[in-house]
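User: Please take a close look at a single part of this model. Start from that part and work outward to what surrounds it.

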Amino acid sequence: MNQKILIVYYSWSGNTRKIAEIIHKYVDGTLIEIIPEKPYPKSYNDTVQQAKKEIREGYKPAIKNKIDNIDDYNIIFIGTPNWWSTIAPPIATFLSQYDLSGKTIVPFCTHGRGGKGRIVEDISKLCNNAKFLDCFSIYGGESRDLENKVAEWLKKIGLLK
């Protein structure tokens, strides 16, 4: 089967972007950063408060991105920071806009000690009838051996030889 790969991510601090770029380096595909129409505050504390409120209320912010050819992709990497044990609201917006049935979903996340939390479960709620590969989860932008850790994960899930 011909694999057509999409790597979609949201990154507030740049940590999740680093992982997405490494994945892209190894598996190629199309790399797309999800961008909210209204940016989150630059202040960490203000962003934490806004994200906490959005998650509690189930709010899905408008995003600038639209992928017209989503049906062309069969493997979709979904990258997000762990915000309050779940996906960032812009990722929830993205996932709620598309029917990803039959796709292979590959979650990855960065966190500040919360691990992957409920990220896989929450993505799966928005991706009915999709197949999931193991989630990659790493503390912050942990740079020591980051590229090797991503490569090893990609090998483990069968997307890198």
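Analyst: What follows is an account of strand E3, then of its neighbours, then of the chain around them.

The model is predicted. E3 spans residues 75-81. Seven of the seven residues of this strand are buried, so E3 is largely enclosed by the rest of the structure. The cover reaches both faces. On one side lie Ile75, Phe77, Gly79 and Pro81. On the other are Ile76, Ile78 and Thr80. Each of these side sets is buried, which means under 20% relative accessible area.

Next come the strands beside E3. E1, residues 5-9, pairs with E3 in the parallel sense, over five bridges. Within that pairing, leucine 6 has isoleucine 76 of E3 as its bridge partner. E3 also pairs with E4, again in the parallel sense, over seven bridges. There, isoleucine 78 stands opposite proline 107 of E4. Thus E3 has pairings with both E1 and E4.

The sheet can be followed onward from E4. This strand covers residues 104-111 and runs parallel to E6, with four bridges joining the two. Histidine 111 stands opposite tyrosine 139 in E6. E6, residues 136-139, has side chains that alternate. Phe136 and Ile138 point to one face and are buried. Ser137 and Tyr139 point to the other face and are not buried. Set that beside E3, where both faces are covered.

Now the helix that packs on E3. H3, residues 89-96, is mostly covered, with seven of its eight residues buried. The buried ones are Pro89, Pro90, Ile91, Ala92, Thr93, Phe94 and Leu95. They pack against E3 and E1, and also against helices H2 (44-57) and H4 (119-126). So E1 turns up twice: it pairs with E3, and the buried residues of H3 pack against it, a contact being heavy atoms within 4.5 Å.

Between E3 and H3 is a loop, and serine 85 is found in it. Its phi is near 70°, a positive value in a residue other than glycine. Most residues other than glycine have a negative phi. Serine 85 counts as partly exposed because its relative accessibility is 30%. Another case sits past H4: asparagine 129, in the loop between H4 and strand E5 (131-132). Asparagine 129 is not a glycine either, yet has a positive phi of about 60°. At 68% relative accessibility, asparagine 129 counts as exposed.

One more spot lies by the E1 end of the chain. Glutamate 21 belongs to helix H1, residues 15-27. Its relative accessible area is 42%, so glutamate 21 is partly exposed. Tyrosine 9 is 12 residues away from glutamate 21 in sequence, and the two C-alpha atoms are 9.9 Å apart.

Finally, the whole chain. It holds five helices and six strands, in the order β-α-β-α-β-α-β-α-β-β-α. The radius of gyration is 15 Å, close to the 15 Å of the globule rule for 161 residues, so the chain is as compact as a globular protein of that length. The C-alpha trace spans about 45 × 35 × 25 Å along its principal axes. Of the 161 residues, 48% count as buried. Among contacts with a separation of 6 or more, 78% come from residues 24 or more positions apart. The accessible surface comes to about 8500 Å², and carbon and sulfur atoms hold 46% of it.

Note on methods:
Residues are numbered from 1 along each chain as its sequence is written. This is a predicted model: local features need pLDDT of at least 70, side-chain atom pairs count only at pLDDT 80 or more; totals for chains, interfaces and linings use all residues. Side-chain values use heavy atoms; hydrogens and water are left out. The radius of gyration is taken over C-alpha atoms; the globule rule is 2.2 Å times the number of residues to the power 0.38. Buried means under 20% relative accessible area, exposed over 50%, partly exposed in between (1.4 Å probe, protein chains only). Accessible areas come from the Shrake-Rupley method with a 1.4 Å probe; for residues, only the protein chains shown count as cover. Two strands pair if DSSP finds at least two bridges between them.
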